[in-house]
Amino acid sequence: RDDWTMQKLFLLAEGLMPIFPGTYLATLLSTYAIAGADVEEATLQRLVDLLLAQVSSTRMSSVCFAMRSFGALDYHPGERMLQAVQAKVAKHPGVLSDKEAVGLMYSFGKLEECPSKPVLRKMEQALRIHLPHIGPRGLVQVIWAYAKMGGWRPPPDVLQVITDRLLEEIGGLDRISLPMVLYSYARLGYEPGEELLLALHARACLVARDLCPQGVANILWGFQRLDYVPDSVLLSELSLAFTQGGWSDSDRTPLAAAQFIDAHAQMGTHPGADALRSLDAYVSRCIEEFDTSHLNSIFTAYQLLGHKPGAAVLGHMRRQAAANIKSGALEK
């Protein structure tokens with residue numbers, strides 16, 4: 001009944017969208033994101049068009065919430081919207097609030113877009129003020145955004161504050177945010193120090209059984225890239241979570257599989273016989289989903305680990321690699 005009520009409310013709101021001010025449009029977007037609604041692309045594009053005409057007259061907090069919602073919904077609002085939002089941020093006379101700064105950082109990271117230098121400096125001005133008081137969720141979203149934006153690296157002072165604050169808030173990192181932290185430090189190529197690495201390791205031991213396959217892979221990949229080898233207890237817990245967590249094939253991904261086995265191979269650790277058997281079976285069942293880079297990583301990792309998956313699995317991998325190469329040649 002609640003779902004049906006929400007659907008009716010969404011339909012009513014969508015009918016009124018043309019007369020909504022920008023604040024209401026942003027609220028509708030935020031509600032979609034919070035509810036995890038399955039929104040049609042045409043509806044999202046209508047929201048973009050309507051909001052675009054009102055960006056300059058809509059208060060900054062609503063614009064930031066709208067951008068965060070686009071990111072949460074995995075919907076890119078287009079170059080014109082990005083330019084309009086950046087123009088508004090650049091002209092903003094005051095300091096962005098903590099929610100505005102974090103929301104904008106998150107949205108640019110989720111959309112994998114690099115803001116202009118003046119806009120980034122505006123956000124960093126706010127972060128320097130607010131980071132000492134931001135909770136773990138915001139801290140994680142900021143460092144993750146830097147890792148995903150690619151074109152910009154965090155200033156040393158900002159990165160140090162984030163690192164210090166994460167150590168203070170380590171108990172607030174959960175099965176979602178902990179892998180994001182390790183992924184971010186690894187992608188940025190920044191070694192956060194022994195104290196935080198030990199704390200992250202200890203926290204990983206506590207949340208390991210609740211991790212999804214990609215979370216397991218990100219933790220292993222992060223530790224490997226940071227040249228930190230987890231102990232046997234954590235490695236065992238991560239292997240159990242990866243192979244025996246009740247996950248379906250749709251919950252696993254070729255990227256997670258490749259990262260999982262490659263991290264073990266690069267660290268010189270062994271995932272365990274059960275994990276290897278599970279991985280072999282997954283590769284065979286879902287071989288058509290694997291691209292060449294994933295297959296190369298798994299081939300190399302198997303060789304480094306001295307693992308022989310059997311002729312059937314190797315045959316599947318070789319045929320898929322050849323098919324990928326042929327498909328790439330045809331596309332060119």
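# Helix α6, the nonpolar core and the charged pairs

The buried residues of helix α6 pack against α4 (60-72), α5 (79-91), α7 and α8. This is a predicted model, and the description that follows starts from α6 and moves outward.

Helix α6 covers residues 98-110, and its 13 residues reach 18 Å from the first C-alpha to the last, which is close to the 18 Å expected at 1.5 Å a residue. Because 10 of these 13 residues are buried, α6 is largely enclosed by the rest of the structure. The buried positions are Glu100, Ala101, Val102, Gly103, Leu104, Met105, Tyr106, Ser107, Phe108 and Gly109. After the helix comes glutamate 112, which has a positive phi near 55°.

**The nonpolar core**

The largest nonpolar core has 110 residues, and those with the most contacts inside it are Leu104, Met105, Tyr146, Leu166 and Tyr185. Helix α8, which spans residues 136-149, contributes most to this core, giving 9 residues. Leucine 166 can be followed by its contacts: setting aside residues up to four places away in sequence, it touches Leu139, Val140, Leu173, Val181, Tyr185 and Leu196.

Valine 142 also lies in helix α8, and it counts as buried because its relative accessibility is 0%. Beyond residues up to four places away in sequence, valine 142 touches Val102, Met105, Leu127 and Ile162. The C-alpha atoms of valine 142 and leucine 131 are separated by 9.4 Å, with the two residues 11 apart along the chain.

**A buried lysine and a buried glutamine**

Which side chain of opposite charge is nearest to lysine 122? Lysine 122 belongs to helix α7, residues 117-130, and is buried yet has no salt bridge, the nearest side chain of opposite charge being that of glutamate 100, 9.5 Å away. A salt bridge requires a side-chain nitrogen within 4 Å of a carboxyl oxygen. Apart from neighbours within four places in sequence, lysine 122 is in contact with Val89, His92, Pro93, Gly94 and Leu96.

Glutamine 320, in helix α17 (residues 311-331), counts as buried because its relative accessibility is 11%. Not counting residues up to four places away in sequence, glutamine 320 touches Ile287, Glu288, Phe290 and Leu295.

**Salt bridges**

The whole structure holds 8 salt bridges, and three of them are set out here with their nitrogen-to-oxygen distances.

| Acidic residue | Basic residue | N to O distance |
|---|---|---|
| Glutamate 168 | Arginine 165 | 2.8 Å |
| Glutamate 169 | Arginine 165 | 3.2 Å |
| Glutamate 237 | Arginine 209 | 2.5 Å |

The pair of glutamate 237 and arginine 209 links distant parts of the chain, since glutamate 237 is in helix α13 (residues 232-244) and arginine 209 is in the loop between α11 (194-207) and α12 (213-225), 28 residues apart. In this pair, glutamate 237 counts as buried at 18% relative accessibility, whereas arginine 209 counts as exposed at 55%.

Salt bridges that share partners join Arg165, Glu168 and Glu169 into one network. Within that network, glutamate 168 and arginine 165 both lie in helix α9 (residues 156-168), 3 residues apart, which is about one turn of the helix. An α-helix has 3.6 residues a turn, so residues three or four places apart point the same way. Arginine 165 is buried, with a relative accessible area of 8%, while glutamate 168 is exposed at 57% relative accessibility and glutamate 169 is partly exposed at 25%.

**Positive phi values**

Most residues other than glycine have a negative phi. Where, then, is aspartate 74 placed? Aspartate 74, which is not a glycine, has a positive phi of about 55°; its place is in the loop between α4 and α5, and it is exposed, with a relative accessible area of 61%. Glutamate 112, again a residue other than glycine, has a positive phi near 55° and sits in the loop between α6 and α7, where it counts as partly exposed at 49% relative accessibility.

**Cysteines**

How many disulfides does a search of the whole structure find? The search finds 0 disulfides. For cysteine 212, which is in no disulfide, the nearest cysteine sulfur is that of cysteine 286, 16 Å away. Cysteine 286 is likewise in no disulfide. Cysteine 212 counts as partly exposed because its relative accessibility is 26%, whereas cysteine 286 is buried, with a relative accessible area of 8%.

Key: Residues numbered from 1 in each chain as written. Predicted model: local features only at pLDDT ≥ 70, side-chain atom pairs only at ≥ 80, totals over all residues. Heavy atoms only, no water. Core = buried A, V, L, I, M, F, W, Y, C linked by side-chain atoms within 4.5 Å. Buried < 20%, exposed > 50% of the residue type's maximum accessible area, 1.4 Å probe, protein only. Helix = DSSP H or I, 4+ residues; strand = E, 2+ residues; numbered from the N terminus. Contact = heavy atoms within 4.5 Å. Lys, Arg positive; Asp, Glu negative; His and termini not counted. Expected span 1.5 Å × (residues − 1). Disulfide = S-S within 2.5 Å.
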